[in-house]
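The report below goes through selected local features of one model, taking a helix, a sheet, the cysteines and some backbone angles in turn. Please keep the sequence and the coordinates at hand while reading.

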Amino acid sequence: MRENRHQGPLRVQKALYPEGKTVCQAIVLHPPSGIVGGDHLVISADIGGAAHAQLTTPGAGKWYRSGGAEASQRIDFTVDEGAMLEWLPQETILFDGAWAHMATHVSLAADSRFLGWDILCLGRAAAGERFTNGRFDLFYRVDRSKQPIWLERGGFAGGDPMLNSTAGWAGNTVCGTLLCSFPELPQQAAALLEALRAIAPPDQANQGLTALPGVLVARYLGDNSEAARLWFAELWKILRPVCCGRPAILPRIWNT
């Protein structure tokens, strides 16, 4: 790691090198373990030319019930020429009554590479909690050479009819998105999709895989965040060697 700065409790817990000096694995930690109304987190990383960074988290992110103030998280990643970034956080849990806004922007150079995912859980399903109060808004953008290749915006209030509509969440409580972008994707998309579609989520939840111009997308919609993460990890094992040129080695922090 070339430089590490933080303000407040959010920080990089440790830089590890489980694959040697070629890959820097950074553990992003928010010691309070949860985000409350009025908190505003900003995470930014610049991946220098030809560098390879893998960013992950030691546990689930939690957005607690708010008394009215909005909480937010903004992520800005810049991946320079020939560089690679893996963004592999564990799931995000929205407690009932949370007011949250999440924005992510990934800026890729012409020949840089990105592989990342996000998993969102509405309420603490194991405790029987549903997301009936509060608000959540999402913005996600990936650019290559300053041109958008992925742009997603969404939002809903607690108890929104779309959460139960077949055109929305269809009564499910967990959704996830995996994105993969690298220069050779157009030539390899067909073979990759065939291999990836042979793998189903362990809970047989709704899922979909597609290759758009410049980015491969996997979607999960079900009720089990662990199943979503396990499925994404299996997809990652296929995608990482092709996208990053390295075998898939699971981060040890996931086992703690």
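## Helix α1 and its two sides

In this predicted model, the buried residues of α1 include L185, A189, L192, L193 and L196. Because these residues cover an arc of only 100° around the axis, they lie on the same side of α1. The other side of α1 carries Q187, A190, A191 and E194, which are exposed.

The cover over the buried residues of α1 includes three strands, namely β13 (174-181), β14 (206-212) and β15 (215-222), together with the helix α2 (225-244). As for its length, α1 runs over residues 185-196 and has 12 residues, yet its end C-alpha atoms are only 14 Å apart. A straight helix would reach 16 Å at 1.5 Å a residue, and α1 falls short of that span.

## The five-stranded sheet

Which order do the strands of the open sheet follow? The sheet has 5 strands in the order β3-β6-β9-β11-β12, and the pairing within it is mixed. Its edges are formed by β3 (40-47) and β12 (147-157), each of which pairs on one side only. When direction is ignored, neighbouring strands of this sheet are turned against each other by 5° on average.

One of the pairings in the sheet can be described in further detail. Strand β11 (residues 135-144) and β12 run antiparallel, and 10 bridges join them. Across this pairing, D143 stands opposite P148, a residue of β12.

## T104 in strand β9

Strand β9, which spans residues 99-108, contains T104. Is T104 buried or exposed? With a relative accessible area of 5%, T104 is buried, since the cut-off for that class is under 20%. Leaving aside residues up to four places away in sequence, T104 touches I75, F139, Y140 and R141.

## Cysteines without disulfides

How many disulfides does a search of the whole structure find? The search finds 0, where a disulfide would require a pair of cysteine sulfur atoms within 2.5 Å. For C175, the closest cysteine sulfur is that of C121, and the separation of 8.4 Å is too far for a bond. C175 itself is partly exposed, its relative accessible area being 21%.

For C244, the closest cysteine sulfur belongs to C243, at 3.9 Å, and this distance is likewise too far for a bond. C244 is buried, with a relative accessible area of 8%.

## Positive phi angles in two loops

Two loop residues deserve a separate look for their backbone angles. K146 is found in the loop between β11 and β12, and although K146 is not a glycine, its phi is positive, at about 70°. The relative accessibility of K146 is 72%, so K146 counts as exposed.

Q204, in turn, is found in the loop between α1 and β14. The phi of Q204 is near 60°, which is a positive value in a residue other than glycine. Q204 is exposed, with a relative accessible area of 62%. The loop that holds Q204 starts from α1, the helix whose buried residues have β14 among the elements that cover them. The loop that holds K146, for its part, lies between β11 and β12, the two strands that are joined by 10 bridges.

Terms used
Residues numbered from 1 in each chain as written. Predicted model: local features only at pLDDT ≥ 70, side-chain atom pairs only at ≥ 80, totals over all residues. Heavy atoms only, no water. Helix = DSSP H or I, 4+ residues; strand = E, 2+ residues; numbered from the N terminus. Expected span 1.5 Å × (residues − 1). Buried < 20%, exposed > 50% of the residue type's maximum accessible area, 1.4 Å probe, protein only. Arc of directions from axis to C-beta. Contact = heavy atoms within 4.5 Å. Pairing = 2+ DSSP bridges. Axes fitted to C-alpha atoms, helices over the stretch in contact; angles between N-to-C directions.
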